[in-house]
Amino acid sequence: VEYINEKSEMDLKKVFEQYIKHKSIPVLEIKFENNEAFARWISEVNDFQMPIHIGIGHMDKKLFQVTTSFKPIDLQGLTKENINVDTFNYYIGVLLQ
């Protein structure tokens, strides 16, 4: 874990804890309110955080640092219909509200 943290320049201890110690996968919950999108992780690990790539349609995705608290996703024009979460490179669930 320390080697990967060092090479990625990120603290991924909580990510490893989730995938190694628990059967469930983390779920990215995204809600839309007043034309804004907010995201958080649902996880069995306290203070879980993991970066995730999110984009609009087939455009390039942007990396967002998501935690267990709702935070805005800063992508102009993002809607429930055009959101594109990278589920190819991340083993996660996605919940859109």
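Asn-34 is exposed, with a relative accessible area of 73%; exposed means over 50%, buried under 20% and partly exposed in between, using a 1.4 Å probe and protein chains only. This residue lies in the loop between β1 and β2, and its phi is near 50 degrees, a positive value in a residue other than glycine. Most residues other than glycine have a negative phi.

Before we go further, a word on the model. It is a predicted model, in which local features need pLDDT of at least 70 and side-chain atom pairs count only at pLDDT 80 or more, while totals for chains, interfaces and linings use all residues. Residues are numbered from 1 along each chain as its sequence is written, and side-chain values use heavy atoms, with hydrogens and water left out. The predictor's confidence in each residue, pLDDT, runs from 0 to 100; the chain averages 95, and 100% of the residues score at least 70. Helices (H or I, at least four residues) and strands (E, at least two) are DSSP runs numbered from the N terminus. Among these elements, helix α1 (residues 2-8) has the lowest mean pLDDT, 91, and strand β7 (residues 93-96) the highest, 98.

Now to the sheet. Four strands form an open sheet in the order β5-β2-β1-β7, with mixed pairing. At its edges stand β5 (71-72) and β7, each with a single partner strand, so one side of each is left without a neighbour in the sheet. Two strands pair if DSSP finds at least two bridges between them. Strands β1 (residues 27-33) and β2 (residues 36-42) are joined in the antiparallel sense by seven bridges, whereas β1 and β7 run parallel over four bridges. The table gives some residues that face each other.

| Residue in β1 | Partner and its strand |
|---|---|
| Val-27 | Ile-42 in β2 |
| Ile-30 | Ala-39 in β2 |
| Leu-28 | Val-94 in β7 |

β1 and β2 form a hairpin with two residues between them, and Asn-34 is in the turn. Asn-35 is also found in the loop between β1 and β2, and at 81% relative accessibility it counts as exposed. The C-alpha atom of Asn-35 is separated by 8.5 Å from that of Gly-77, 42 residues apart along the chain.

Another positive phi belongs to Asp-47, near 60 degrees. Asp-47 sits in the loop between β2 and β3 (50-56) and is exposed, with a relative accessible area of 59%.

Gln-18, by contrast, is a residue of helix α2 (residues 13-21) and counts as buried at 0% relative accessibility. A polar atom of its side chain lies 3.1 Å from the backbone nitrogen of Glu-44. Leaving aside residues up to four places away in sequence, Gln-18 touches Ser-24, Ile-25, Pro-26, Ser-43, Glu-44, Val-45 and Phe-48, where contact means heavy atoms within 4.5 Å.

Phe-48 also takes us to the rings. Rings of Phe, Tyr and Trp (its six-membered ring) pair if their centres lie within 6.5 Å, with planes under 30 degrees apart counted as stacked, over 60 as edge-to-face and the rest as tilted. By this rule the count comes to one aromatic pair. Trp-41 and Phe-48 form this edge-to-face pair, 5.8 Å centre to centre with 85 degrees between the planes. Trp-41 is buried, at a relative accessible area of 2%, and Phe-48 is buried at 0%.

How values were computed: Polar contact = N/O pair within 3.5 Å; in protein donor to acceptor, adjacent residues only side chain to side chain.
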